[in-house]
Amino acid sequence: MEACLLIDFGSTFTKLTAVDLEIEEILATAKSKTTVSTNIMEGFELAKGELLEKINKPHITFKHQLACSSAKGGFKMIAIGLSKTLTAEASKRVALGAGTRMLNVYSYGLKEADIEEIEELAPDIILVSGGTTGGNTTGIINDIKQLTRLKLHIPIVIAGNEDANPTIDNILKKTSLPYFFSENVMPQINHINPLPTRELLRTIFMEKIVEAKGISTISDQVGKIVMPTPTAVLLAAELLSKGTDNISGFEEVIIADIGGATTDIHSIGSGKPKNSSITMEGLQEPFAKRTVEGDLGMRYSALSLLESTGYPLFKTYLPRLSSDDIFEKCFYRSEHPDFVSQTDKDIVFDETMSKLAITTAFNRHAGFYRREPTPNRTLLFQTGKDLSQFKAVIATGGVLVNSQNPKTILEACLKKEDDFYLMPTNPNFYLDKTYILSAMGLLSTLYPDIALNILKKYLVKL
């Protein structure tokens, strides 16, 4: 038997998946608390012991061991751009696609207070953009000058107008700050160039960030940390969407992940207008898009979820609860992130939170129409992705996996009548009940056909 061990050092749990490569099946899965505050290997060994017990082959050897990580807060980033809706937004989208956790986005010129805030946030990396190719150079140069005042040794990636690079190089080489140049993330207005910068960010994560977090010392025992966990999930989403040379995919795919702190949405597909009479406007959408909503979570961000959605929306599902009751339940969850709902009332409240998180996160991820009346007809202009024809929505996250009614929760993402958001209309729903998305993203780097076959076999259609 040829077996492979896939490891996800998560912020809360270390999850292990063992795969039989010959029969293309999961041998077993196991998880344990991530022990990053002591020795990360403690949690790993506990999970591995459980895994080997389930497999019942204590002397099994693994042909490959691959790992991803979001431990110690994941891959934390700051994005800086010239304008909020253009280069700063382009940088944010590129960074999220690289599997980062976005701490803040700055635009319209860094100020002294911004530098102090960046020091407090202590990101793993800073991405700086600004100016289309051949355009403005003043903004990005001024931002770099401000960043030289940083006391922390934070790597800086420069991905703006290349005309500014010689000047930036002269500025930064006089400092101790590590810095890297990439291609312009927005070479033309509204056109994003994501791949070079994403690859550079992932390389820095593997070579610099993992080492700084003290995780590199375990590579001899568990294998190399090859990518951030969100990148592994995004690879699984792309595999499910595009398929391989030998196996067809699902075409346009959305993955929804509701966690304790965030709700993440990945969409793989162009999302362009289906009707040629509709005109696209605004910033170009990436084919593989990831959004992370830090105010939409089931535990750490429970109060933020309430603030973002409001009491009236909670009461549409829970009309008998008072505002004080709703606040108390959200407050308790935010103060007790390990709380597990046991009673029917608490389970219903959690599922209400998840429905609101799904609806709000999809609204933010999806595009919308702008209507412009003319004497003869109404013109339609589309901003963002049209998700209406996406064929599959795949769900993961504890509240969905443990729910008795996961499909009911997911249906909160469907387009409502007269809603101007371009939400899904009639997708197939699937559930990642065994938490294999990140594992199969890792496996796809070596065996894409096997990874896709396993995904199709183990994702549960609702």
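This tour moves through a predicted model, from a sheet and its helices to aromatic pairs, charges over rings and a loop residue.

**The sheet**

Begin by selecting strands 14, 12, 11, 17, 18 and 19, which in that order make up an open sheet of six strands with mixed pairing. At its edges you will find strand 14 (288-293) and strand 19 (460-461), each of which pairs on one side only. Next, restrict the selection to strand 17 (residues 392-396) and strand 18 (residues 428-431), which run parallel and are joined by four bridges. Within this pair of strands, display Ala395, which stands opposite Leu431 of strand 18.

**Helices on the sheet**

Now add helix 8 (residues 229-242), which packs on the sheet and touches strand 11 (253-258), strand 12 (263-268), strand 14 and strand 17. If you draw axes, the direction of helix 8 makes about 35° with that of strand 12. Then turn to helix 12 (residues 344-365), which lies across strand 11, strand 12, strand 14 and strand 17, and which runs at about 45° to strand 12.

**Aromatic pairs**

Clear the selection and show the aromatic side chains, among which a search of the whole structure finds eight pairs. One of them consists of Phe9 and Phe44, whose ring centres are 6.2 Å apart and whose planes stand at 40°, so that the pair counts as tilted. This pair links distant parts of the chain, since Phe9 belongs to strand 1 (residues 3-9) and Phe44 to helix 1 (residues 40-55), 35 residues apart. Both Phe9 and Phe44 are buried.

Move on to Tyr332 and Phe339, an edge-to-face pair with 5.4 Å from centre to centre and 90° between the planes. Is Tyr332 buried or exposed? Neither word fits, because its relative accessible area is 38%, and Tyr332 is therefore partly exposed. After that, select Phe368, Phe420 and Tyr421, which ring pairs link into a cluster.

**Charges over rings**

Select Lys329 together with Phe349: the charged end of Lys329 sits over the ring of Phe349, 5.9 Å from the centre of that ring. Then select Arg370 and Phe381, where the charged end of Arg370 sits over the ring of Phe381, 4.3 Å from its centre.

**A loop residue**

Finish at Ser322, in the loop between helix 10 (311-317) and helix 11 (323-335). With a relative accessible area of 33%, Ser322 is partly exposed. As a last step, set a distance label from the C-alpha atom of Ser322 to that of Leu235, 87 residues apart along the chain, and the separation is 43 Å.

How values were computed
Residues are numbered from 1 along each chain as its sequence is written. This is a predicted model: local features need pLDDT of at least 70, side-chain atom pairs count only at pLDDT 80 or more; totals for chains, interfaces and linings use all residues. Side-chain values use heavy atoms; hydrogens and water are left out. Two strands pair if DSSP finds at least two bridges between them. Helices (H or I, at least four residues) and strands (E, at least two) are DSSP runs, numbered from the N terminus. Contact means heavy atoms within 4.5 Å. Axes are lines fitted to C-alpha atoms, for helices over the stretch in contact, and angles run from 0 to 180 degrees between N-to-C directions. Rings of Phe, Tyr and Trp (its six-membered ring) pair if their centres lie within 6.5 Å; planes under 30 degrees apart count as stacked, over 60 as edge-to-face and the rest as tilted. Buried means under 20% relative accessible area, exposed over 50%, partly exposed in between (1.4 Å probe, protein chains only). A charge sits over a ring if NZ of Lys or CZ of Arg is within 6 Å of the ring centre and within 35 degrees of the ring normal.
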